[in-house]
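Let's take a walk through this structure together, starting with the whole chain and then zooming in on a few helices. Keep the model open as you read.

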Amino acid sequence: MSEVVYDLREVRRARYAVASVFAVHGAVTGSFATRVPWIQDHAGVSAGQLGLALAFPALGASVAMPVAGSISHRFGARNALRGLIALWTLALTLPALAPNLLTLCLALFTFGATAGMADVAMNALGVEVENRLGRSIMSGLHGMWSAGALIGSAAGTLAAHLGSDARLHHALAAATLTFLGILACRWVLDLQPAEDEEPPPRFALPPRSALLIGAVGFCAVFAEGASLDWSAVYLRDQLGTSAGLAAACTTGFTLTMAVARLAGDKVVDRYGAVRTVRSGGVLATLGGVLIVVSDGPALAMTGFALLGLGIAVVVPLCFAAAGRSGSNPSLAIAGVATITYTSGLVAPSAIGGIAQATSLMVSFCLVTVLSSGLVVFARVLRAGDRDRPKITRPAAGSDAAVPDPRP
């Protein structure tokens, strides 16, 4: 097998560029989430109707994500990401324009479809950069997504506090983020399909390997969705804390995840994906146990912090493993993304349904059990560790990185 030589400067630029795209993607989500109450009032929908409408982004993403591979094959990875991230940022304007339930559902379906396709494209490029660098970067990329979401949320909170019209707020945010996203795409890797490479099918079931990897991601995202949507309610209703302390628990959980993702690559490089996820599963399970047995806010908040710390790097590692699990990385990544999006859709309603029938404590018993699944099933990520290319470091002053061609 012949050696492939990469320019380290180009790969490093591509890393920072795709990290910027992740931050832009997250900022759109944060900008939208803070204005949902305004959108609900503008569309004139009830809480139940809003819950129905908020299922449509995941539906749109699930339908559209398998198409991302075909788009990248036809236009090349750079052009595909440039177009898809622009569609996603511009789609931010749609929900605030919806005057009723039907148009809101259609707007959110489009919103989710563009989000999902951009998600697959940027993760596929992130995996390729990671392969060329020969060390983990996916956790940090998803940490940048979390940082972008926090920035978007902060800007949206300020806009809501000032009483601004969400249509104007989202139009300005979309214009800014579209410019930043297109600018960042200038330096991402320009991957082109080989002349004899068959185009991927427009729609196809994910490979079996993606289903197994996606099951690990399902456990982590279920715990994440449950914690984000129900941690404040748990502290307020189950433990009788103040609204301010309950909200602080959710904020702490989010910050714990963001910090852990930004720092997670060093852990992955040292211990590998399997050991990292198993250890994270132990922490997350311990956190779940503390939440269930807690009789006061301190123990419960500690439990949510451990839960966030334990699951933080799981989804990035699932995407990385999917990108190395077969001959069609985009299809495998799309399959994993579809499963994790579905988990994020199912988790909040499942927790609510169980809580209504029993209690929130029983709901978080389920979260604890799923967290323990990370310990059991982490081995399916072993392909990501085994197939990670090793980089032979160049001599001092050289900018070439040569992957070791040995299997």
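Helices and strands here are DSSP runs, with at least four residues for a helix and at least two for a strand, numbered from the N terminus. Counted that way, the protein chain has 17 helices and three strands. Bear in mind that what you're looking at is a predicted model.

First, the overall picture. The protein chain has 407 residues, and 51% of them count as buried. Now take the contacts in the chain with a separation of 6 or more: 84% of those come from residues 24 or more positions apart.

Helix H6 is a good place to zoom in. H6 runs over residues 77-91, and its 15 residues should span 21 Å at 1.5 Å a residue; the end C-alpha atoms are indeed 21 Å apart, so expectation and model agree. Plenty of H6 is tucked away: the buried residues are Ala 77, Ala 80, Leu 81, Leu 84, Ile 85, Ala 86, Trp 88, Thr 89 and Ala 91. What covers them? The cover includes helices H1 (8-33), H5 (68-75), H7 (94-97), H8 (101-133) and H10 (166-185).

Next, look at how helices pack in pairs. Two packed helices are described by the angle between their axes and the distance between the axes. For H12 (residues 243-293) and H13 (residues 297-311), the angle is about 30 degrees and the axes are 6 Å apart. Angles under 35 degrees count as roughly parallel, so H12 is roughly parallel to H13. Sort the residues of this contact by class and you get 22 nonpolar, eight polar and no charged.

Now compare H15 (residues 329-357) and H16 (residues 360-377), whose axes come within 7 Å and cross at roughly 135 degrees. That angle makes H15 and H16 oblique to each other, and their crossing is right-handed. On the H15 side, Ile 351, Ile 354 and Ala 355 make the contact, meeting Leu 360, Val 362, Ser 363, Leu 366 and Val 367 in H16. By class, this contact has seven nonpolar residues, one polar and no charged.

Finally, pick out a single residue, Ala 210, in helix H11 (residues 208-238). Is Ala 210 buried or exposed? Its relative accessibility is 0%, so Ala 210 counts as buried. Setting aside neighbours within four places in sequence, Ala 210 is in contact with Ala 332, Val 336 and Ile 339. Ala 334 sits 124 residues from Ala 210 along the chain, yet their C-alpha atoms are separated by 8.7 Å.

Technical notes:
Residues are numbered from 1 along each chain as its sequence is written. This is a predicted model: local features need pLDDT of at least 70, side-chain atom pairs count only at pLDDT 80 or more; totals for chains, interfaces and linings use all residues. Side-chain values use heavy atoms; hydrogens and water are left out. Axes are lines fitted to C-alpha atoms, for helices over the stretch in contact, and angles run from 0 to 180 degrees between N-to-C directions. Angles under 35 degrees count as roughly parallel, over 145 as roughly antiparallel, 65 to 115 as roughly perpendicular and the rest as oblique. A crossing is left-handed if the near helix is turned anticlockwise from the far one by less than a right angle, and right-handed if clockwise. Contact means heavy atoms within 4.5 Å. Ala, Val, Leu, Ile, Met, Phe, Trp, Tyr, Cys and Pro count as nonpolar, Asp, Glu, Lys and Arg as charged, and the others, Gly among them, as polar. The expected span of a helix is 1.5 Å times one less than its number of residues. Buried means under 20% relative accessible area, exposed over 50%, partly exposed in between (1.4 Å probe, protein chains only).
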